[in-house]
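Trainee: Could you take me through one part of this structure in detail? I'd like a close look at the nonpolar core and what surrounds it.

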Amino acid sequence: MSTTIDNFTKQLHDNLEAVENRAKAFKDSIQSVTEKTQGEIQSKLDEAKTNLDAKKQEFDEYRAKLKTQFDEKESEVKSNIEEWKTSRELKKLEERAEQAEDYANTAILLAMATMEEAEKATLEAIAARRDAETAAETTEK
């Protein structure tokens, strides 16, 4: 394989490993959340909100970039890639490869961002359920 492909696949592997680690941490966090107090859950939720607020613009940029890249890929399908290959239009093929790599990286970064949003949403759901259960217990007494 070429050095460029090696570098791309290494970066992709590193990003996927980060996604995997984030998913494992999320899973562990969710499994232990039922043992936490309402205050601990709220503290974790506040932390998640702060992290998301700090990264909101970055996440929005990933989403916008992914949409733009998707639109570009759609128009690329209409172009004649086979002709580029046959006539060895290296510059166009190189640009296409770089765009495809960038698209893959952006998609992974967006997946990581979405996981953070999912964690926040899950904590909000658990906190809301706890509030409902507390209210129900208070009403029963």
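Mentor: Here is the core, with the whole chain as background and a few single residues at the end.

A word on the source: this is a predicted model, where local features need pLDDT of at least 70 and side-chain atom pairs count only at pLDDT 80 or more, while totals for chains, interfaces and linings use all residues. Residues are numbered from 1 along each chain as its sequence is written, and side-chain values use heavy atoms, with hydrogens and water left out.

Let's set the scene. The protein chain has 4 helices and 0 strands, so the order from the N terminus is simply α-α-α-α (helices are DSSP runs of H or I with at least four residues, strands are runs of E with at least two, and numbering starts at the N terminus). The C-alpha atoms fill a box of roughly 80 × 30 × 25 Å along the principal axes. The radius of gyration is 22 Å, where a compact globule of 141 residues would have one near 14 Å (taken over C-alpha atoms; the globule rule is 2.2 Å times the number of residues to the power 0.38). Buried residues account for 21% of the 141 (buried is under 20% relative accessible area, exposed is over 50%, partly exposed is in between, with a 1.4 Å probe and protein chains only).

Now to the part you asked about. The largest nonpolar core has 7 residues: Val-33, Ile-41, Leu-45, Ala-48, Leu-123, Ile-126 and Ala-127 (such a core is a set of buried Ala, Val, Leu, Ile, Met, Phe, Trp, Tyr and Cys residues joined through side-chain atoms within 4.5 Å). Helix 2 (38-78) and helix 4 (90-140) are the elements that give two or more residues to this core. A second, separate core of 6 residues includes Phe-59, Tyr-62, Leu-110 and Ala-113.

Leu-45 is a good place to zoom in. Setting aside residues up to four places away in sequence, Leu-45 touches Lys-120, Leu-123, Glu-124 and Ala-127 (contact means heavy atoms within 4.5 Å). Long sequence gaps are also what you see chain-wide: of the contacts between residues at least 6 apart in sequence, 86% join residues at least 24 apart.

Gln-42 sits in helix 2 as well, and it counts as partly exposed because its relative accessibility is 31%. Its C-alpha atom is 8.0 Å from that of Leu-123, although the two residues are 81 apart along the chain.

Over in helix 4 you'll find Asn-105. Asn-105 counts as buried because its relative accessibility is 11%. Beyond its neighbours within four places in sequence, Asn-105 is in contact with Phe-8, Gln-11, Leu-12 and Asn-15.

Glu-133 also belongs to helix 4, but it is partly exposed, at 40% relative accessible area. The C-alpha atoms of Glu-133 and Ser-43 are 19 Å apart, with their positions 90 residues apart along the chain.

For contrast, look at the loop between helix 3 (81-86) and helix 4, where Arg-88 is placed. Arg-88 is exposed, with a relative accessible area of 70%, and its phi is near 55°, a positive value in a residue other than glycine.
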